[in-house]
Structure formats: C-alpha cells, structure tokens
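Got your viewer open? Let's take a short walk through this model, one selection at a time.

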Amino acid sequence: MDWFTGFSIVAISTGVTISVVVLIAVGSIRRSLNEGTLRQAQHIRSLSDSVASLTAQQQAQARIQQLTEAQRRLSDEVNALGERLSDADSVHRVSGTAKLLH
C-alpha cells in the first residue's frame, strides 16, 4: 500500500465523518425550527382565541350600553306620558267641578 492509497482512505473517511456530522447538525436545526414553529402556532392560536373572546365581550358591552340607552329613553317617554295623563286628569277634574257648581 503506497502513501496515495493511505491518503485516499483518510480523505474519504474524513469526508464521510464530516458529512455525517453536518447531516446530524442540519437534522437538529430542523427539529429545533419545527418545535419553535409549533410553539409559535400554538401561541398564535391562543392569542386568536383571546382576541375572539375580547371581541365578544366588547360586543356584549356595546349591546348592554345600547339597551341601557334605550331603557333610559323609554323611561323618559313613560314619565312624560305619566305627566301628561296627570295634567289631563287634573284639568278634567277642575272642569268637572266647575260644571257641578254652575
């Protein structure tokens, strides 16, 4: 065996070793990236659920405010109608009393 054959065997074994190390490193990097991507996807899903929940709460609060305002307006109208009826009642009583006196 001459020196060229020995050098070729060392070079081939070194190349194979480096290739295996690089493939293992690339596999590890891919695994890490996949795990990071999975964690980010889960985090995005969680945030999306939180946003949906907050949006629903905000819509419910807006609806409550609308209903509160509508109730206030109805209460004002009922009070105004009650005042009109009491005014009409008192006018009717006064005129009824005046008729009885004449």
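Start with the whole chain: of its 102 residues, 0% count as buried (buried means under 20% relative accessible area, exposed over 50%, partly exposed in between, with a 1.4 Å probe and protein chains only). Keep in mind that this is a predicted model, where local features need pLDDT of at least 70, side-chain atom pairs count only at pLDDT 80 or more, and totals for chains, interfaces and linings use all residues. Residues are numbered from 1 along each chain as its sequence is written, and side-chain values use heavy atoms, with hydrogens and water left out.

Now colour by secondary structure. You'll see one helix and zero strands (helices are DSSP runs of H or I with at least four residues, strands are E runs of at least two, numbered from the N terminus).

Next, select Glu69, Arg72, Arg73 and Asp76, which are linked in a network of salt bridges (a salt bridge is a side-chain nitrogen of Lys or Arg within 4 Å of a carboxyl oxygen of Asp or Glu). Zoom in on Arg72: its side chain meets Glu69 at 2.3 Å, N to O, and Asp76 at 2.9 Å, N to O. Then click Arg73, whose salt bridge with Glu69 has its closest N and O atoms 3.8 Å apart. Why are Arg73 and Glu69 separated by about one helical turn? Because they sit four residues apart in helix 1.

Last stop: Ile24, in helix 1 (residues 3-101). Is Ile24 buried or exposed? Ile24 is exposed, with a relative accessible area of 57%.
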